[in-house]
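Visitor: I would like to go through the reasoning behind the labels used for this chain. Please show it to me.

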Amino acid sequence: LALDEVDAALLRAWPGARRDHAMLRLRFRPEILAADAAARASLDAALPEDRNRIILTGAETPAAIAWGWQRGITRFMGRLLEAR
């Protein structure tokens with residue numbers, strides 16, 4: 001069971017997303033990089049502890065992949081990867 005195409009705001013607002021699903025497809029949006037420190041910390045806290053359960057979608061830029069790597073995410077989907 002997977003939670004598909006979750007936006008960062010929804011993930012922060014719905015604590016069950018952290019534990020209720022085997023997989024989580026989190027949608028990366030550039031606004032995540034521009035968020036203030038409190039919003040970034042809130043998103044980090046909302047991510048499942050087992051980062052192997054997360055697939056970061058919207059990996060359209062190296063910055064998106066770098067953001068995921070910094071959080072222990074190793075699964076990505078997006079044009080940047082699909083082109084290879």
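Guide: What follows is a set of questions on a predicted model.

Visitor: What is the order of elements along the chain?

Guide: The chain has five helices and three strands, and from the N terminus they run β-α-β-α-α-β-α-α.

Visitor: Why is Arg71 called buried?

Guide: Its relative accessibility is 16%, and buried means under 20%, so Arg71 counts as buried. Of the 84 residues in the chain, 37% are buried.

Visitor: Where is Arg71 placed?

Guide: Arg71 lies in the loop between helix 4 (62-70) and helix 5 (79-82).

Visitor: What makes the link from the side chain of Arg71 to Trp67 a polar contact?

Guide: The side chain of Arg71 reaches the backbone oxygen of Trp67 at 3.0 Å. The cut-off for a pair of N or O atoms is 3.5 Å, so the distance of 3.0 Å qualifies. Leaving aside neighbours within four places in sequence, Arg71 is also in contact with Asp44, Leu47 and Arg51.

Visitor: Which residues touch the most other members of the largest nonpolar core?

Guide: They are Leu11, Leu26, Leu56 and Trp67, in a core of 18 residues. Helix 4 gives the most to this core, with three residues.

Visitor: What does Trp67 touch beyond four places in sequence?

Guide: Trp67 touches Leu26, Phe28, Ile32, Leu33, Leu43, Asp44, Leu56 and Ile73.

Visitor: How much of the accessible surface belongs to carbon and sulfur atoms?

Guide: The surface comes to about 4900 Å², and 55% of that belongs to carbon and sulfur atoms.

Technical notes:
Residues numbered from 1 in each chain as written. Predicted model: local features only at pLDDT ≥ 70, side-chain atom pairs only at ≥ 80, totals over all residues. Heavy atoms only, no water. Helix = DSSP H or I, 4+ residues; strand = E, 2+ residues; numbered from the N terminus. Buried < 20%, exposed > 50% of the residue type's maximum accessible area, 1.4 Å probe, protein only. Polar contact = N/O pair within 3.5 Å; in protein donor to acceptor, adjacent residues only side chain to side chain. Contact = heavy atoms within 4.5 Å. Areas by Shrake-Rupley, 256 points an atom, 1.4 Å probe, with all protein chains shown as cover. Core = buried A, V, L, I, M, F, W, Y, C linked by side-chain atoms within 4.5 Å.
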